[in-house]
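Subject: Structure handover

Hi there,

Here is the structure I promised to pass on. My notes on what turned up follow right below it.

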Amino acid sequence: MRDHVNTAEGLRLRRWQAADVPAVLTAFAEPSMAWQTAEPVSSPAAARRWLAAEAAQWDSGARFAFAVTDEADTVLGNVAVGAVDRRHRTGWVSYWTLAAARGRGVASRACRALAGWSFEEVGLFRLELGHRVNNPASCRVARAAGFAVEGLQRRKLEYDGVRYDVELHARLATDI
């Protein structure tokens, strides 16, 4: 199974590396990223634990997370397929970008590349993702990456005592 993907648009998806600790710390220093992990990633040791957990999940086949980089190997974000269900050939896509990479189509291009990799390398057929309805940027990413809207999950997520509706998107291996 390939552990990297080069895109025609100059992005590269590669496995996270120990040298990526500073990029992980920068990403998780943003307040909006606090909701993305069970443990705060606010120290080099916590970043190393996050990287080790991602590596362990990759090795087990449960989740495949890629650092999204430019041609100079500067980390721009993360894209992953997790909750991999080999029986039903499904997975759950997640993504984030560093503030400096936002608004440039990085997340949508990375999601398209991840989808192709997931279908070809992992043999998945259906990919799903969800975003809070108050996050229109994430919706634009999903749509630009070819994920069709499938419905609304009412009050699915809770952050800081507030419940949020989630819009569900999916992409199939047969989608063009």
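Trp16 and Trp50 are both buried (under 20% relative accessible area with a 1.4 Å probe, protein chains only; exposed is over 50%, partly exposed in between). This is a predicted model, where local features need pLDDT of at least 70 and side-chain atom pairs pLDDT 80 or more, while totals for chains, interfaces and linings use all residues. Residues are numbered from 1 along each chain as its sequence is written, and side-chain values use heavy atoms, leaving out hydrogens and water.

The whole structure holds 11 aromatic pairs (Phe, Tyr or Trp rings, the six-membered one for Trp, with centres within 6.5 Å; planes under 30 degrees apart are stacked, over 60 edge-to-face, the rest tilted). In one of them, the ring centres of Trp16 and Trp50 are 5.2 Å apart with planes at 85°, so this pair is edge-to-face. Trp16, Phe28, Trp50 and Trp96 form one aromatic cluster.

Phe66 and Trp117 also pair edge-to-face, at 4.9 Å between centres and 85° between planes. Both Phe66 and Trp117 are buried.

There is a charge to look at too: the charged end of Arg132 sits over the ring of Tyr164, 5.5 Å from its centre (the cut-offs are NZ of Lys or CZ of Arg within 6 Å of the ring centre and within 35 degrees of the ring normal).

Happy browsing, and write back with any questions!

Best wishes
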